[in-house]
Amino acid sequence: MKLNYKNLLFAGFFAIGLTACKTDFLDVNPPSEIAADQVWTDGALSEAFVTGIYAGLGQGGFSEQMLASLSDEAVFTHTGRDINLVNEGSLSASVLGWVDGTYNWSNMYSRIRATNIAIANLPTATFTNSTLRDRLIGEAYFLRAYYYQQLLRYYGGVPIIHKVYTLDEDYEAGRNTYAECVAAIVNDCDSAAIMLAGKTDVKGRATKLAALTLKSRVLTYAASDLHDVPTMKAKSAELASYSNPEFLGYLSGERAARWNAALSATKEALDASNGGYKLNLTAPVTAEEGKLNYVSIAMAGASGDKSLDASASSELIFAKYYTPDLNEGGRSMGLYNGPNGYHNWAGNTPIGLLVDDYEMNDGTPFSWTNPAHKANPYTNRDPRLYATILYDGADWKPRPSDVNDPANQVQTGAYDILNESGAKVNRYGLDTRQSVVEDWNGSRTGYYMRKFIDPNPELRDQSDRQNIPWPFFRVTELVFNLIEANIELGNDAEALTWLNRIRFRAGMPALKVGGDALKKAYQQERRIELVYEEHRYHDTRRWMIAKETLGRPMLYINVTGRFKAGKSMREPYRYDPTVYDYTYTSVEEKSHENRQWFDKMYFRPFHRDELNRNPSLEQNPGFAN
Amino acid sequence: MKISILWKYPVVVRFLFSLLFFVAATAAGLAQVTVKGQVKDDSGGGLPGVSVLVQGTTTGTVTDLDGSYTVSAPQNGTLVFSFIGYVSQEVPVAGKTTINITMLTDVKALSEVVVVGYGTAKKATLTGSVTAVKGTELEKAPAANLSNTLGGRLPGISAVQSSGEPGYDGSAIRIRGTNSLGNSNALIVVDGVPNRSGGLDRINPADIESISVLKDAAAAIYGSRAGNGVILITTKRGKSGKPVLSYDFNQGFAQPTVTPKMSNAEEYATIRNELQIYDNLTVDHWSAANDAFKSTGVYNYKNASGGDASLASVYGPDAMQKYRDGSEPLLYPNTDWYGSVLRNWSPQQRHNLQLSGGSENVRYMTSLGHTNQDGYYINSATGYKQYDLRLNLDAKINKYLSANVGVTLREEFRHFPNGGGAGDIFRMLMRGKPNEIAIWPDGRPGPDIEYGQNPAVITTNTTGFNNDKRDYVQTNAGLELLIPGVEGLKLTATAALDKMMRRQKSFQQPWTLYFWDKQSYEADGVTPLLSGTIRSTFSDPRLTERSSQELSILLSSQLSYEKSVNDHNFNAMVGVQRETVDADGFFAFRRYFISPVVEQLFAGGTAEQNIDNFDLYKRARLSYYGRVGYNFKEKYLAEFLWRVDGSYVFPKEGRFGFFPGISAGWRVSEEDFWRDNVNFLNNVKIRGSWGQMGAEPYFLGTENLAEYQFLSTMGFGSYVINDQVAKTLNETRVANNTFTWEVANNTNIGIEGTLFNDKIAFEFDYFVNNRSKILIPKGGSTPSSAGMDGKLPPVNLGKLQNKGWEFKVSYDDQIDDFRYSVSVNGGYAKNKIKFWDEVPGAPLHQQTTGKPYGSFLVYQYDGVFKDMASIDNEQLDYSEISTNLRPGDMRFKDIGGGGPNKDQPDGKITSDDRVGTEKVARPWFTGGASINLGYKAFDLSIMFQGAFGGLQLVGLTESGDIGNYLKYDYDRRWTIDNPSDVYPRLTNRNNAYYTNTGRAGINNYFLKSNNYVRLKNIELGYNLPSEIGSKVGLSNFRLYVNGLNLLTFAKIKVWDPESTSSNGHYYPQSRIINAGVRVSF
């Protein structure tokens, strides 16, 4: 019995120990998170929060589906990404078509919320480094302005939300007018510029110059045709019948005043800049140098190819950078867009409409009806073509070892060739959709993108990743904004001077035009120089030339190589005009994407669900709820 | 020797014997005899482990291996023979010294004891809906994963196995379907530990004594985690008696139940030529192009602008002929990719050694198991190995105190190749073009399909390895104290300490594939000249090592009391339980290895190395629980259960919840009026229960617990600043301070009983589970412009009702040596969302409220446009989904879009014409039927299992220029020659409105019923008769063959009906044949 009482005591203690335990152990703190209010007591944590907001920039423009493929620059090769819904105008409130994360409604407002949190908390933050605090406030203002700018240029006026919502509030928010949005963004740009003044520039962070440049862009857009309601209405019946034009543009007011505002903002930014890369030339460089300049600008010093000029990174005002230490999709541009004959995916392939818009290097237009041009379409063109586009016969990187092409040239045609047994066959090149290598990944257009792909031969795009930064803003855009405002304000001479500087850098001769011709030349130059940089989609809209540009059916190129009389070649094939007669045929193509323009495409639709959740949100013109 | 000496002195002997008798008789007060005998089961074999007790005492013994016993008993006493699952027998000694008896199987199992929450209960007096299965049943299925043996065995339990990959081949088990918008998985309790790390999948079936399933308020004692029902697993414990050593060996062979039949080279080439026409020509050219392709392979025509144009077929007539006749297999191959990569049968083995026994005071059960399961691939680098050891000890310290200890050690070793997961491998098998070479005649691997992925290589360790080792050390210890002086009062204290250690090593190695230019040959002129090249998506080796550990501690103690006064029987119990889980881990990544030979981190370079944490989590819960039971004469039954749960998941204010359950039963058959009037129905019990249980929040549509949702915190991320990876912070959520437990109101009524002298047993249950306060984020009505998408916390808002019924009927009989039993069970459960935060404004036919959770929103297939005439005659406007209708396109029904509520036809096909389905992926009804037959030494058991009422999106395969088509689709397609108004035109990479899931690809042409019935399990066994066995020292010798998933009858023909894949990119479920031997000494 004695023993049993011991047992009882033992078990009893055990039980009491358990029941008596306090419930404190239920207060578990998440091991991988920190309390939100702690952030504002510490400079490094506050900085980490603001740095986190940059993630809303996504991969910049280096998404697998580039904005270029939603314009007359390129077409996206693979189906099922719903890009065609946008280009064919069959998008609707319930089927939005392709929407990239960098302007997606939900993403933008999530990031805007983060900027609002930073702007609300930083002024009362308790850490002592006020330089850091001011810089972070400035960055937050810049990012808020940037994200609103993204929304504004895709959707028109949007609800301006500067508060941080808590749970169970009334979230209904109607659209602000276009004018109010511009004013709010400009205001944020100004605040950012003030707070960022005198701060050390750091790669990847917003700077005062970035804020000024953003302001220049927003005011330039704001002054454009699409956002002047009288002009807009005159040019589009669809938009004219829209009952809330104030969401799309200015109902009244002097356009000249708006252009002047754009001009002075641009000048301020340009003055604050380093002047960009080789924008002070007085005569054209050689074609070779022009190509080198252009490639160097695109590579911005981040290529391993030492023949390029690393100092061209001075063009960059604000960019998304990459490093080998972080795997991000934007480092796969070569894989996403390169030729299938290199085991790449041929995503955003240039279309004939773009390639044909490159001038001859003497400044005259290219034309398929010119027999000399047609016979040799890739000779004596604007040097930037060679830096931007891979075409049949173009030299490119070493082929992977399973692909037999010692010449390392792009093959997008069908060529006569003698096979092992000496018989003449006509076979398709390695980079076609009839290739022996991954034919489903071949270009449909006969062209491949080169511009943002690191030409470093050591870099194998199928497996290696590049570190080329995405340029959100570069000095040349400011120069274009300057030219555009000057043209609109009648200062043709000033405009022409700057336009020619851009041309000289590319190895193109000076233009001597004025008036409408100058405006056309400007639009052409901007299209070529800023190609693949997410400008064309917007420019064609704000200039209201989308119907004549984006609305065109696409052009592809057909290339055939037939043996010249008495000549022949055995495998492996190489481009050789002494052996082959090459025929180049530009073909119109509608089956992959039946591109059409409807004026509802000026602005993206809001999703039906969002309209239902927020009844104050007015749909854009041409879209039913 | 001594006795023989003694006999020489009869007087002394007589004296001694007299003395002995005197002493014995005085001590016991009665004359004792030694009774010997053998207990046999109804098949005539010795039955070990039967308890033989002298009635009214605690004296007794247990039968040994051949059923023999020896016990000392009073001459006029009575022996009670009892054994679980058999009818107890009472035999008066009446002076006999030999008593042989045969135990009869207890069909009604009235005396059966069932494991319930924190205790056991007699089946007879159980008032809740509890169903159980014995471990021996489960052992009959040769599945390597225990969860795959449960389907069809227990009414109301559904198990869906969506992958057969070794190591990840478990079934998702649910009790009574879907009960929540969060997680609907059952709570699994292993030896008293809820949510025990490792779950039930990997427990050695030979270690399992029983599995109990608590389906209704009987689960309420598990409170907050009981809303979806509870599965209790109890492992075997030792029985007193001679040690029993048994050894089991199984050799099994597995193969996929179904592999998709793909088109052959000629068929694929035919489709590609058709696509060439569809993708490049307007409809007016189709017929002419089709003819031209067949005759010359080239179609010359005038394009829209009147110019000369020409289109070549992808495969000309010559090539088509070669594919057809197979005359040049290297240039015109016809590759069966599945056949090239999968072997017919993949081996799997299981060894199990069990030793159990014990004395009256100490009992032990030890089990040592090893499982080895290989992948389906030829040269498979995929496989699963397990080593497990279990030791269960029970000790009786003294009259009042007993203790038990259980230790489980288990290593789970999953290994995989490293060129892509099973999804990639099966994706590439689906895509593999039949006119490409998989493996060259000399054995070298052919080209990849993409990304260097040739299934013949990425299934092997040429690609490196991915080894995942998880080691479990799980211990239970318990003390049970019968409190002296208070009859029936017992204190139990238990502790469980579980440690899980995981180590993963993933070494990726570049691999080489071999290509042929289709024209160069070796010197012999016939052997193709191949060139090898590295085709992996990386060119230098990489190594990732991960290491993590988890420690779970559970402490509980409970006090229970039992008392009977006259015919009133009471029992009561209260307990407390504290659980904590703490885990952490880290990983390291390096590349730039000095040599691929050294597969260790130190040999890697420091550039681009990566080190980080993972698996960082902590959990804590505190619970109080109890039970009060009462019955009168075991006729009127009542029980009350409760639990108070506190969880770290909830804010302080709502942290604790109270969860009661009540149940009552009436054994009608115990009433005199029944006994006197209804004699064919025996043992009828009517029971009912109601319980209110809880649930914690989960992220919508996932099985991830939504923790810390009341805390405003920031989480970490990365962004590149100044060429460095900078740490970033992001708002993790908008905190909610006021949410609390989900409430599950589960009601059940049931009837069970037996007919015709217990030959037929039946049970039927009807239940209504009303879940309210379901924790969901208010994402439906919160505009994205509020900026809170993805950060909304749970609020107690959702309501869901789940109703259904279950039944089980079994029949058991014996005709001479022929024993047979048949059992059928089934369960039906259908849920309906009563309320959740749906996006406002959807037309009625699209609203999910009122529909089951997981409803598909689909366009309504309405045949196919057979030709241009049918398109021209079409009255409906298709412009919103296609601006260019062509023959072979799919037609849809006009359902909505018109009227003020958009629920009237509007003459247009738009997204408003999609309709929410009434069925979901999970079947409404699952059931099983089993037949057990025995004749002399042979026994046969057969089990069929089926599921009905579910839907699965099937056939949106990755096909076109990118990959092959299902033969099923080839056979059922619109063609120019044979236009159909039923089957649509095949499309290239799903590039048509009716195959693109972003457009109208989600339509009910592709939504197929996943009904099936399968021969789930069959076992034929032979037991060596014990007369023969005992001569060679064997107490038991059994030979058996069994099989799993041997036959399947399903509506989905292209792959296994349990698949949840719409495109076939998954590791298929297994069919297993297996043979085994069991030897006991």
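In this predicted model, 36 residue pairs, both members at pLDDT 80 or more, are in polar contact between chain B and chain A. On the side of chain B that touches chain A, strand β34 (residues 713–721) gives the most, with 8 residues, and by class that side has 42 nonpolar, 37 polar and 28 charged residues. The count of salt bridges between chain B and chain A is 11; one of them joins the side chains of Arg733(B) and Glu33(A), with 3.2 Å from N to O.

The extent of the interface can also be given by residues and by area. Contacts involve 107 residues of chain B and 95 residues of chain A, and the two chains bury about 8,700 Å² between them, of which 58% is on carbon and sulfur atoms. In chain B, the residues that lose the most area to chain A are Met714(B), Tyr719(B) and Ser785(B), which together make up 8% of what that side buries.

Strand pairing crosses the boundary between the chains: strand β1 (residues 33–35) of chain A pairs with β34(B) in the antiparallel sense over 3 bridges, and within this pairing Ile34(A) has Met714(B) as its bridge partner.

Inside chain B, strand β52 (residues 1070–1080) has 8 of its 11 residues buried, so this strand is largely enclosed by the rest of the structure. β52(B) is joined to two strands of chain B, as the table sets out.

| Strand paired with β52(B) | Sense | Bridges | A bridge pair |
|---|---|---|---|
| β17(B), residues 241–256 | antiparallel | 11 bridges | Tyr247(B) and Val1079(B) |
| β51(B), residues 1036–1050 | antiparallel | 9 bridges | Phe1037(B) and Val1079(B) |

Val1079(B) therefore appears in both rows, as the bridge partner of Tyr247(B) and of Phe1037(B), in a strand that is largely enclosed because 8 of its 11 residues are buried.

Some details of the backbone lie in loops. Glu571(A) and Pro572(A) are joined by a cis peptide bond with omega of about 0 degrees, and Pro572(A) is found in the loop between β10 (554–563) and β11 (580–589) of chain A. Asn380(A), although not a glycine, has a positive phi of about 55 degrees; this residue lies in the loop between α15 (371–375) and α16 (383–388) of chain A, and counts as partly exposed because its relative accessibility is 46%. Arg989(B), likewise not a glycine, has a positive phi of about 50 degrees and is placed in the loop between α12 (967–971) and β49 (1007–1009) of chain B, where Arg989(B) is buried, with a relative accessible area of 18%.

Methods
Residues are numbered from 1 along each chain as its sequence is written. Chains are lettered from A and ligands numbered from 1 in the order in which they are written. This is a predicted model: local features need pLDDT of at least 70, side-chain atom pairs count only at pLDDT 80 or more; totals for chains, interfaces and linings use all residues. Side-chain values use heavy atoms; hydrogens and water are left out. Contact means heavy atoms within 4.5 Å. Buried area is the accessible area (1.4 Å probe) that two parts lose on being put together, summed over both. A salt bridge is a side-chain nitrogen of Lys or Arg within 4 Å of a carboxyl oxygen of Asp or Glu. A polar contact is a pair of N or O atoms within 3.5 Å; within protein, one must be able to donate a hydrogen and the other to accept it, and residues adjacent in sequence count only if both atoms are side-chain atoms. Helices (H or I, at least four residues) and strands (E, at least two) are DSSP runs, numbered from the N terminus. Ala, Val, Leu, Ile, Met, Phe, Trp, Tyr, Cys and Pro count as nonpolar, Asp, Glu, Lys and Arg as charged, and the others, Gly among them, as polar. Two strands pair if DSSP finds at least two bridges between them. Buried means under 20% relative accessible area, exposed over 50%, partly exposed in between (1.4 Å probe, protein chains only).
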